Amino acid sequence: MKDTFKHKGLRQQLVNTLKAKGISDVKVLEAIGNIPRHLFMDSGFLDHAYQDKAFPIAADQTISQPYTVAFQSELLQITPQDKVLEIGTGSGYQTAVLCELGVRVYSIERQQELFKKTSKFLPKLGYRTKKLVFGDGYKGLPDEAPFDSIIVTAGAPFVPKPLLSQLKIGGRLVIPVGDAVQIMTLFIRKDTKEFEQHEFGEFRFVPLLEDRN
Ligand code: SAH
């Protein structure tokens, strides 16, 4: 597991690309600048690690595009020590960004292979989460609720009700909603039953799978 000057240089170029595309949250840019993304990918893809692109990981899943990770992270408006739930741990790259932002991270993954691999890998890089869970993200994590924010990193055909109900008042849910193409959507909980909704254009994710799939 090597992180060289060459990797650091490529990472800085990636950070500049993200700035040029409109990412302005300094903490998020710093996180991307710190994380050795090449170590989250299979060795065959090392050369691609610092391009602003999604890439295949195990179990037919993808590591999200850095721009998408940065965009979603920015929408969360993180404060250090926030309690954050991620749905779709995958490679753990977004999880690592959340750790770099100083939050208490809970993350759920439904593919056992990825869950096992990433559970071992993140601590090796020094990333400590509160809890990684093998389970179904549609249900959220009722025992640990409420959360300051929830981030869904797979395309959701609809907004799962449990995720809305597991937000604190003032809490934020960032979720790509749709089938073939998703609209990045932010919900802010105003009150027990009242949510403000904002939309941020089209993104493409692998699907948030329901148990029957
Ligand atoms: N955050 C990840 C993105 C991985 S892609 C990264 O940065 O690498 C989306 C992930 O969501 C996949 O790993 C997929 O297995 C997972 N996923 C799909 N449906 C899910 C569900 N119902 N519950 C939890 N995870 C799910």
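The following exchange between a trainee and a mentor walks through the sheet, some backbone features and the pockets of a predicted model.

Trainee: In what order do the seven strands of the open sheet lie?

Mentor: The sheet is open and its pairing is mixed. Its edge strands, each pairing on one side only, are strand E5 (131-134) and strand E9 (195-203), and the twist averages 15° from one strand to the next. Read across the sheet, the order is E5-E4-E3-E6-E7-E8-E9.

Trainee: How many bridges join strand E8 to E9?

Mentor: Strand E8 covers residues 182-189 and runs antiparallel to E9. One facing pair is Gln-182, which stands opposite Phe-203 in E9. The number of bridges that join E8 to E9 is seven.

Trainee: In which sense, parallel or antiparallel, do E6 and E7 pair?

Mentor: On its other pairing, with E8, strand E7 is antiparallel over six bridges, and there Ile-175 has Thr-185 in E8 as its bridge partner. Between E6 and E7 there are four bridges, and Phe-147 stands opposite Leu-167 in E7. The sense in which E6 and E7 pair is parallel.

Trainee: Which residue takes a positive phi in the hairpin of E7 and E8?

Mentor: The hairpin has four residues between its strands, E7 and E8. The phi in question is near 150°, and the residue that takes it is Gly-178.

Trainee: What angle does the direction of H3 make with that of E7?

Mentor: Helix H3 packs on the sheet, where it touches strand E6 (147-152), strand E7 (167-177), E8 and E9. The direction of H3, set against that of E7, makes an angle of about 160°.

Trainee: Where does Pro-146, which follows a cis peptide bond, lie?

Mentor: Most peptide bonds are trans. The bond that joins Ala-145 and Pro-146 is cis, with omega at about 5°. Pro-146 lies in the loop between E5 and E6.

Trainee: Is Ala-59 exposed, partly exposed or buried?

Mentor: Ala-59 is found in the loop between strand E1 (55-56) and E2, and has a positive phi of about 55° although it is not a glycine. Most residues other than glycine have a negative phi. Because its relative accessibility is 22%, Ala-59 counts as partly exposed.

Trainee: Is Gln-77 buried or exposed?

Mentor: Gln-77 is found in the loop between H3 and E3, and its phi, near 45°, is a positive value in a residue other than glycine. Its relative accessible area is 53%, and the cut-off for this class is over 50%, so Gln-77 is exposed.

Trainee: Which helix supplies the largest share of the lining of the largest pocket?

Mentor: The largest pocket has a volume of about 530 Å³ and is lined by 36 residues, with Thr-62, Ser-64, Thr-153, Ala-154 and Val-206 nearest its centre. Among the elements that each supply at least two lining residues are strand E2 (62-63), strand E3 (83-87) and helix H4 (93-100). The largest share, four residues, comes from H3.

Trainee: How many residues of the lining of the second largest pocket are charged?

Mentor: About 190 Å³ of space lies in the second largest pocket, and of the 13 residues that line it, those closest to its centre are Leu-39, Phe-40, Ser-91, Lys-117 and Phe-121. In its lining, seven residues are nonpolar and two are polar. The number of charged residues is four.

Technical notes: Residues numbered from 1 in each chain as written. Predicted model: local features only at pLDDT ≥ 70, side-chain atom pairs only at ≥ 80, totals over all residues. Heavy atoms only, no water. 1 Å grid on protein atoms, 1.4 Å probe; cavity = no way out; pocket = protein on both sides within 12 Å on 5 of 7 lines; lining within 4 Å. Points joined across faces, edges and corners; volume = space filled by probe spheres on them. Nonpolar A, V, L, I, M, F, W, Y, C, P; charged D, E, K, R; others polar. Pairing = 2+ DSSP bridges. Axes fitted to C-alpha atoms, helices over the stretch in contact; angles between N-to-C directions. Contact = heavy atoms within 4.5 Å. Buried < 20%, exposed > 50% of the residue type's maximum accessible area, 1.4 Å probe, protein only.
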